[in-house]
Amino acid sequence: MDAIRRADAFAIANGVDGWTLMQAAGQAVAQSIAQRWSKRPVRVLCGPGNNGGDGFVAAAALREKGWPVRVFLLGDAAKLTGDAARAYAHWGDPAEPLENARPDEAGLVIDALFGAGLARPLEGQAAELCTATNSARAVCVAVDVPSGLDGDRAQADGAVFRADLTVTFHRPKPAHLLEPGRGQCGEIVCVDIGIPDGWRAEIEPVGDYNTPDLWPDLPTRPDRQTHKHGRGRLAVLSGGPSATGAARLAAQAGLRAGSGLVTVLSPKNALLVNAQSLSEVMVRGFDGVEGFLAGLDGLRATAAVLGPGAGVGEGTRELVIAALSRSPALVLDADALTSFEGETDHLFSHLRPGDVLTPHAGEFARLFPDLAEAPINKIEAARTAAERAGCVVVFKGPDTVIAAPDGRVRVNTHATPALATAGTGDVLAGITGAFLAQGTDAFDAASAAVWLHGDAGLRAGEGLIAGDVIAALPNSFAALRRRRRTDAARSALK
Ligand SMILES: NC(=O)C1=CN([C@@H]2O[C@H](COP(=O)(O)OP(=O)(O)OC[C@H]3O[C@@H](n4cnc5c(N)ncnc54)[C@H](OP(=O)(O)O)[C@@H]3O)[C@@H](O)[C@H]2O)[C@H](O)CC1
Ligand SMILES: [K+]
């Protein structure tokens, strides 16, 4: 984890030494444990580096609080160096050999074997202990990252601890943000251990958790004087007569997400199908590319969603390129992405920073085959994709990554696996379109849309279908407003 090493170096250059950081780290682990669990036997598994050092400090701090603690070391204590050796001396008692550490059925295990310095898969004693701990009933608390997990790739190449709690430092790393790593971490606590202000500027940030604090002006609240034309005009392209449902889902979601006027631009042969199924959403027919552009112009659309149900091929490609010659910000999803497989240069040369692409993993691989196959994590892949495309990229999945062309990245974990069902992507495209239509910056619009989509999914619960997500949106908006009011009241009292 190069970024973390550079953060350390920055701290040390600014007068905070490694031992001070290690003490803060170990204390934070002990405190996080004491806040969550009652006193019980603790076994601390320490590795040969500074992760183990944090473990010795945590062990001493828990002993100080009166917890029964045993410490086990992988390797030879005489070979410990630097801060880890100092931490071992601070613990003061001899460590037991790691092979003696059978996880106690009812106790608590602190996994301080390897963190940022993991260099290869777990093997031998460490791998065996990992398997035994995972199958025991003991609570497992990981220091920095569950051992075996590669912090940068968010993946394990062999055995990996399954933690109930992971205490990390400074800021989350890819393993805390991305699947499958995140799934091994349990609850994640990120503690400030005293890296001085300004270190963020020294290193490239990995990415932020996508939270409403990052887009405080969203969702925009209509003021008292507003009218429907003042809340954005969203156009959604429909597919042919047998592929209209996806566009309708996007359009209905757009209306729920606050766009004042939403119109489905429908090929004339699908007009009746659409008209019969829509009430609040308007429908307008078109023929050919010129007709489509006339429709966009006539509606004075401020944003448009293209792709859901649009069909893959030349026709969709032409409509997308034509729409990019007009002012509305675009959300390109589904078939509007797949249609450019092998012809991405053509698309990327027309995209603008205010447009948003919303690929799932399959669509991402069609647009960015080299990135999908590269040995990089999803954050790096999305960041490079956004730079290359020159617009915002929402790389969807259980760990949706939102990347801006200027390098900013947010990772959304506020969602539910229940959202993995037909039509939810169309709903997300519609919500994003609604925020764009209201004039919001594309990165914030996409971030807010992904979060609210996840929130509505959580509210709709198990067994949801896409329409339930749309129906849950008003509750998500209301809850977010309540949360903002409470936060504002709290900060006024500070
Ligand atoms: N700023 C911070 O975040 C701070 C973090 N701290 C903690 O420090 C660790 C990183 O410590 P580091 O010493 O760099 O690395 P590790 O302790 O994770 O591991 C290095 C040693 O482990 C050996 N190793 C690596 N993989 C294996 C393996 N699979 N099997 C056996 N041994 C392994 C490695 O040996 P080599 O042979 O590869 O040289 C090293 O001996 C960070 O995660 C935090 O917990 C600081 O305490 C405070 C500041
Ligand atoms: K660890």
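This tour walks through a parallel sheet and a potassium site in a predicted model.

**Stop 1: the whole sheet**

Show the strands. Seven of them form an open sheet, ordered β3-β2-β1-β4-β5-β8-β9, with parallel pairing. Now look at the two edges. β3 (96-97) and β9 (187-191) stand there, and each has a single partner strand, so one side of each lacks a neighbour in the sheet. Strands of a sheet pair through backbone hydrogen bonds, so display the backbone to follow the next stops.

**Stop 2: β1 and β2**

Select residues 42-46, which are β1, and residues 69-73, which are β2. These strands run parallel and are joined by 5 bridges. Pick Arg43 and look across to β2: Arg70 stands opposite.

**Stop 3: β1 to β4**

Stay on β1 and turn to β4. This pair is also parallel, with 5 bridges between the strands. Select Val42; its bridge partner in β4 is Leu108.

**Stop 4: β4 to β5**

Keep Leu108 selected. In β5, its bridge partner is Val139. β4 and β5 pair in the parallel sense, over 4 bridges. Trace the chain from β4 through α5 to β5: this β-α-β crossover is right-handed.

**Stop 5: inside β4**

Is β4 buried or exposed? Colour the strand by accessibility. 5 of its 5 residues are buried, so β4 is largely enclosed by the rest of the structure. In a regular strand, side chains alternate between the two faces of the sheet. Check each face of β4 in turn. Leu108, Ile110 and Ala112 lie on one side. Val109 and Asp111 lie on the other. Every one of these residues is buried, and both faces are covered.

**Stop 6: the potassium ion**

Select ligand 2, the potassium ion. Which protein atoms are its donors? Label these, which lie 2.6 to 3.0 Å from the ion:

- Side-chain atoms: Asn51 (OD1) and Ser147 (OG).
- Backbone O atoms: Asp111, Phe114, Val143 and Val145.

Asp111 was on the β4 stop too. Along the chain, the donors follow the spacing N-x59-D-x2-F-x28-V-x1-V-x1-S.

Two of these donors are worth picking out. Phe114 sits in the loop between β4 (108-112) and α5 (124-135). Val145 sits in the loop between β5 (139-143) and β6 (149-150). They are 31 residues apart, and the pair links distant parts of the chain. Phe114 and Val145 are both buried.

Finish with the geometry. Why is the arrangement irregular? The 6 donor atoms subtend angles of 65 to 171° around the potassium ion, which makes it so.

Definitions and conventions: Residues are numbered from 1 along each chain as its sequence is written. Chains are lettered from A and ligands numbered from 1 in the order in which they are written. This is a predicted model: local features need pLDDT of at least 70, side-chain atom pairs count only at pLDDT 80 or more; totals for chains, interfaces and linings use all residues. Side-chain values use heavy atoms; hydrogens and water are left out. Two strands pair if DSSP finds at least two bridges between them. Donors are N, O and S atoms within 2.8 Å of the metal (3.2 Å for Na, K and Ca); water is not among the atoms, so sites may look incomplete. Four donors count as tetrahedral if all angles lie between 85 and 135 degrees; four count as square planar and six as octahedral if opposite donors are over 155 degrees apart and all others between 65 and 115; anything else is irregular. Buried means under 20% relative accessible area, exposed over 50%, partly exposed in between (1.4 Å probe, protein chains only). A crossover is right-handed if, with the strands pointing away from the viewer, the path from the first strand over the helix to the second runs clockwise.
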